[in-house]
Amino acid sequence: MITPAPEPGPPVLPLPPSPTPGCSSAGCLAAPLVQWQRRPTDGELEAVVAAEQARRDQVLAVAAPHQSTPVFGPLPTAADTTIAVYACGSHAISMNLAALVHASSCTAPDPELLPRCNCTPEPPPAPAPVHTDALPLPDHWQ
Ligand SMILES: [Zn+2]
Ligand SMILES: [Zn+2]
């Protein structure tokens, strides 16, 4: 009995090169211990949008002609994109600051300013409202 050869899958484009995460402090080679988020710079956002556009182009290129055209949402914007910043133990900003999203211009970890940074981080999202009103049980559960 002959086993049919598996169909070759769609071509996979190589992912854009991503630097190995290390401490983001210039010249520091220590392994990262903590991480926080900041908004992308214009150049970083351009790269994110270009990578997403390339992914969409690839999806469209391999889409079967008899299927409906894939529909994509809006391209990423600075408001929904964050860049991870890594730091070793001695270059970490404070835990409270690391919990917030920092501005694209934030230079942390800056050894001159640690454990603070040079930006005003975005306020944390409002806590989800706690549900307090009990919903009525069905009659046959009472
Ligand atoms: Zn470091
Ligand atoms: Zn900052």
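**Entry 1: the sheet**

I started with β1 and β3, which run parallel and are joined by two bridges. My note on terms: strands (E, at least two residues) and helices (H or I, at least four residues) are DSSP runs, numbered from the N terminus. Two strands count as a pair if DSSP finds at least two bridges between them.

Before going on, I wrote down that this is a predicted model, where local features need pLDDT of at least 70, side-chain atom pairs count only at pLDDT 80 or more, and totals for chains, interfaces and linings use all residues. Residues are numbered from 1 along each chain as its sequence is written, while chains are lettered from A and ligands numbered from 1 in the order in which they are written.

Next I looked up β1 (residues 34-38) and β2: they run antiparallel, with five bridges between them. Put together, the three strands make an open sheet with mixed pairing, in the order β2-β1-β3. Since β2 (83-87) and β3 (101-102) are at the edges with a single partner strand each, one side of each has no neighbour in the sheet.

**Entry 2: who pairs with whom**

Which residue of β2 is the bridge partner of Q37? I found A84. R38 has I83 as its bridge partner in β2, and H102 as its bridge partner in β3.

**Entry 3: the core**

I then checked the largest nonpolar core, meaning a set of buried Ala, Val, Leu, Ile, Met, Phe, Trp, Tyr and Cys residues joined through C-beta atoms within 7 Å. Buried means that 20 or more other C-beta atoms lie within 10 Å of the residue's own, with C-beta atoms placed from the backbone. This core has ten residues, including W36, I93 and C117. Which strand gives the most to it? It's β2, with three residues. My reminder to self: in soluble globular proteins, nonpolar side chains tend to be buried together.

C106 is also in that core. Leaving out residues up to four places away in sequence, C106 touches R38, C117, N118 and C119; a contact means C-beta atoms, placed from the backbone, within 7 Å.

**Entry 4: cis peptide bonds**

I looked up A108 and P109 and found a cis peptide bond, with omega about 0°. Another cis peptide bond joins L114 and P115, where omega is about 5°. P109 sits in the segment after β3, and P115 is in the segment after β3 too.

**Entry 5: confidence**

Last, I checked pLDDT, the predictor's confidence in each residue, from 0 to 100. The protein chain has a mean of 86, and 86% of its residues reach 70 or more. Among its elements, β3 has the highest mean (97) and helix α1 (residues 42-62) the lowest (94).

Definitions and conventions: Buried ≥ 20, exposed ≤ 12 C-beta atoms within 10 Å, placed from the backbone. Contact = placed C-beta atoms within 7 Å.
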